[in-house]
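This report walks through one complex of chains and DNA strands. It goes from symmetry to contacts, cores and single residues.

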2 protein chains.
Amino acid sequence: MAVTMAEVAARAGVSVMTVSYAFSRPERVSATTRDLVHRTAQEMGYTGPDPGARALRTRRAGAIGVVLGEHLTYAFEDPQATRFLAGVAAVCVEAGLGLTLIPVTGGPGDADRVREAAVDGYVVWTTADDDPVLEVIGRRPAVVAGGPAVPGAGLVTIDDRAAARAVGLAVFRGARSPAVLSFPMGRDRIPRLVSGPDPESALFPVTRLRLAGYRDAITELGGDWATVRVLVLARNDAAEARAAASAIEDADAVAAMSDQIALALPDWQDGRAAGRRATDAGNTSEPTGASHAVSRRISGWDDTAAAAVAGLTTVSQSLRDQGKACARQVVSGVVGVEQARWRLVERASTAGPADEVSADG
Amino acid sequence: MAVTMAEVAARAGVSVMTVSYAFSRPERVSATTRDLVHRTAQEMGYTGPDPGARALRTRRAGAIGVVLGEHLTYAFEDPQATRFLAGVAAVCVEAGLGLTLIPVTGGPGDADRVREAAVDGYVVWTTADDDPVLEVIGRRPAVVAGGPAVPGAGLVTIDDRAAARAVGLAVFRGARSPAVLSFPMGRDRIPRLVSGPDPESALFPVTRLRLAGYRDAITELGGDWATVRVLVLARNDAAEARAAASAIEDADAVAAMSDQIALALPDWQDGRAAGRRATDAGNTSEPTGASHAVSRRISGWDDTAAAAVAGLTTVSQSLRDQGKACARQVVSGVVGVEQARWRLVERASTAGPADEVSADG
DNA sequence: CTGTTAGCGCGTTCAG
DNA sequence: CTGAACGCGCTAACAG
C-alpha cells in the first residue's frame, strides 16, 4: 500500500539516493532531476520519506518526551503544569521538534512506557524521589523540573526552601496558631493532618523543601515547628482543599503551597464574610476582585491571575520559562543544574494584623 | 555506545530472536533462558528493544499525533483545547500509546512537520477550511474536531448552528440592538467590526456555523441580521475582548462565542456596577460568585466553571468527551462522523428583561 | 551532480 | 521451544 522510495526511483529512472536527496537535501540535486522526482512521486502518491525509517537511520526521533506525572489528565487541570508545557512547546517549535507526552498512570508499567518512547530526550515534571520513572531516563538527555535531582540528569528549579522561608516570614508573623496547607508527602498521596512533621519524611522534593522553608520561618519568628499543624492534601486540588479546610479553621495564619488551594479556603467569600475588604498591596495593575475578610493571614504560591485579583500574598515564578529552560537543555544535549528565579509578592492577605476586623465580634 | 540486541544475544550465547522474545513475548521463552537473557541484558546496560527499530518493523509508531492549531502556546492557554487534550490523553493511556503534539506555527512548514511526524494517526483541533495541514493528514487515520469536514477523515463536533440558534433565541429575545462577539473569520485573524456579515465568508467552520445559527435566531425573532453588529476578534482571548468591547457597548444583547470573552465584557464588575445581582437560574450547584449588573443580556459558550459562578447563559458541551471520541476513532482505525452532545444552559444573564435595573437611571 | 555499497536494530518468516 | 536468513525504508559515506 505504501509507496516506497525505491519504487519512485525505479519509476523516475534514478537511484534511490537521488530521490532521498530530492526530498531531504533539495539543494544537492539539479533542478531538473528534482522536478522529475517530485513529479513522479506526486503521481505515485509518495509524499516523502517515512519518518520511522528516517529516525532509525539518523538515530534521531525528532521529538522530545515529556513526563507530566501521574495521569496526564490531572496535568492538564493544573495551570502550572500547563504553563510549563507551553514553555517546552515554544522551544520545540523553534527547534522543529515534536513534543511527545508520555502517559503515566502511577502503575508499574510507567517506567517501561517511558523507556520505550521514541524520543530524543526527556523532560520530567517534578515528582517523588522514589518514582521509578527516574531510573529509566538516564539513557537519553533528561532534565527534571522541580526535582528530585537525578545523577546525570539536568535540574531546573527555584530555591523552594528559600522561597518558602520568605513567604513564611510574611504569613506567620505574629501568628499564634499557624498552619500549612501542603502538597502530598509521598506517592501514596495519603491526606492527613499532622503537627510539625519532619520535612525529610516528604518524598516529593517540592513538598519537602517548602516544609523546611516554612519551618525556617517559624523558627526565626520564635515559634515552635512541632506545634504547627500541616494539612496534607492528596492533590493540588481546590475542591479537596475546600472540603478539608475545616481541620485548620481556627488557625490564624495559613501558608498554602499553591494559590489554588489557598483560594479554596472559606476566607475568600464574595462579600459574604464580615470584615474589611482586602486591597491590593502588590504592584500588579489588576484590580481587586474577590474579597478576603481579613481575619487571618494567608499565603499562596505561583502568583496566578486569581491571586492578583484576590490580593493573595504569594511566590511568583515563571513555570513557562522553566519549561523553556528544560527543553533547551534537552535540545542542546548538555544538561545541568539551573536555578530559576522567584520573588515574593506581598499583598493584602498578609498585610495587616489579624485584629483589624471592623465588624462582628 | 548503545547496546544492541545482537550483542546481548552473543554474550548470553543465544540467538537474537531469543532475546527479542525474552523482552517482547516472555511467555514464548523458557523461564531459564528468559532469566539468563534478562540478567545479561541488565549487566550490559541493555534496557530493551529500540523503539525506533521496532516501529519500523511493526509499522506502528506507538503514538497518535495531535495538531492543536496555530502555535501550541496558545493552545495551552485555551481551557477548552486543554480539556480536549485531556480527553485524548485519557484514551492514549488506555491504549498504551504516546501522544505527540505536533507544533504548528501558522507558517509554510506546518504541513511538512505534520506529514513527517512519526505517528499512527492524527487528531486535529478545529481549524479553517484552507488550512494546508488538512491536505496532509489523509495518509493516516485522522479525525478533525469541530470541523472542517475532510474527505476520508473523521469528524467529531456538535451541531454548532443549532446550538447557536438556541442560545441566540435566549439572548436576543426582545433586543433592539443585538451584537455578536465572534471568533476570527479566517486564518489572517483580522479583527474588525462588521454588520450582518455573510456567515459563509467565515473560513473557520466554528465561526461560520455559529454566525449562521445566531442569524437564524435573529430572523426567527423578527429581527434583521443585516443590522446586527459582529465584533470579530483575532483570538479567543479575554484581554483582547476587553479592549475591543467598547465598540459594542451600546448593544443591549451580546452573544459571545466563548465564556471567556463573554466574561471579559465590562458588564461583569464585582459588585461595582449598579443594578441587582444576577442569581443562578441554571441547575448547577455552584453558588453565584461574580455579579452581573443586568443592563443587557449576554450569552457565552462552553459552560466553564466561571460561567456557572457568574450566572452566564451558555452552551454546554464536553470537549473532554470529544477528545476521547476523536482519539478512539484514531486508535480503532475506523473514522467517521460523530455528533457530540450539547445543551443550552440558561442562567441569569439572559433571565430578565433589560429594564429591571433597580437603581440609577 | 549522481550512483554504489552498507548497514541502522529489530521482527517476521520458516526450519529445526 | 530455538535458530538463520531476510528485509522494513531509509541515509552516511564514499566513489565516479
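## Symmetry

Copies are superposed by least squares on the C-alpha atoms of residues with pLDDT of at least 70 in both. On that basis, chain A can be laid on chain B with an RMSD of 0.1 Å. The operation is a turn of 180° with a shift of 0.0 Å along the axis. The two copies are therefore related as by a two-fold rotation axis. Among the residues of chain A, Thr100(A) comes closest to that axis, with its C-alpha at 2.0 Å.

This is a predicted model: local features need pLDDT of at least 70, side-chain atom pairs count only at pLDDT 80 or more, and totals for chains, interfaces and linings use all residues. Residues are numbered from 1 along each chain as its sequence is written, while chains are lettered from A and ligands numbered from 1 in the order in which they are written.

## Chain A at a glance

Chain A has 13 helices and 13 strands. These are DSSP runs numbered from the N terminus: helices are H or I with at least four residues, strands are E with at least two. Of its 361 residues, 54% count as buried. Buried means 20 or more other C-beta atoms within 10 Å of the residue's own; exposed means 12 or fewer; partly exposed lies in between; C-beta atoms are placed from the backbone.

Residues 24 or more positions apart supply 67% of the chain A contacts with a separation of 6 or more. A contact needs the two C-beta atoms, placed from the backbone, within 7 Å. Chain A is divided into domain 1 (5–58), domain 2 (63–157) and domain 3 (160–316). These bounds come from an automatic or database domain assignment. The centres of domain 1 and domain 2 of chain A, taken over C-alpha atoms, are 35 Å apart.

## The A–B contact

The contact takes 37 residues from chain A and 37 residues from chain B. On the chain A side, the elements giving two or more residues are helix 4, helix 5 (72–77), helix 6 (79–95), strand 2 (98–101) and helix 7 (110–116). Helix 6 of chain A gives the largest share, seven residues. By class, the chain A side has 20 nonpolar, 13 polar and four charged residues. Here Ala, Val, Leu, Ile, Met, Phe, Trp, Tyr, Cys and Pro count as nonpolar, Asp, Glu, Lys and Arg as charged, and the others, Gly among them, as polar.

Phe76(B) lies in helix 5 (residues 72–77) of chain B. Phe76(B) is buried because 27 other C-beta atoms lie within 10 Å. Beyond residues up to four places away in sequence, Phe76(B) touches Thr82(A), Leu85(A), Ala86(A), Ala89(A) and Thr82(B).

Helix 4 of chain A has as its buried residues Pro51(A), Gly52(A), Arg54(A), Ala55(A) and Leu56(A). Their cover includes helix 4 and helix 7 (110–116) of chain B. Just after helix 4 of chain A, Arg59(A) takes a positive phi of about 60°.

## The DNA surfaces

A residue is near a strand if its C-beta atom, placed from the backbone, lies within 6 Å of it. Around DNA strand D there are 24 residues, and Met5(A), Ser20(A), Asp50(A), Ala53(A) and Ser15(B) come nearest. Helix 2 (16–24) and helix 4 (51–58) of both chain A and chain B give two or more residues each. The largest share, five residues, comes from helix 4 of chain A.

DNA strand C also has 24 residues around it; Met5(B), Ser20(B), Asp50(B), Ala53(B) and Arg57(B) come nearest. For strand C, the largest share, five residues, comes from helix 4 of chain B. The surface near strand C divides into eleven nonpolar, eight polar and five charged residues.

## Cores and a strand residue

A nonpolar core is a set of buried Ala, Val, Leu, Ile, Met, Phe, Trp, Tyr and Cys residues joined through C-beta atoms within 7 Å. The largest has 101 residues, and those with the most contacts inside it include Val88(A), Val143(A), Ile64(B) and Val143(B). A second, separate core of 53 residues includes Leu181(A), Ala202(A), Ile261(A) and Trp268(A).

Leu344(A) sits in strand 13 (residues 342–345) of chain A. Leu344(A) counts as partly exposed, because it has 18 C-beta neighbours inside 10 Å. Leaving out residues up to four places away in sequence, Leu344(A) touches Ala166(A), Val167(A), Ala170(A) and Val315(A).
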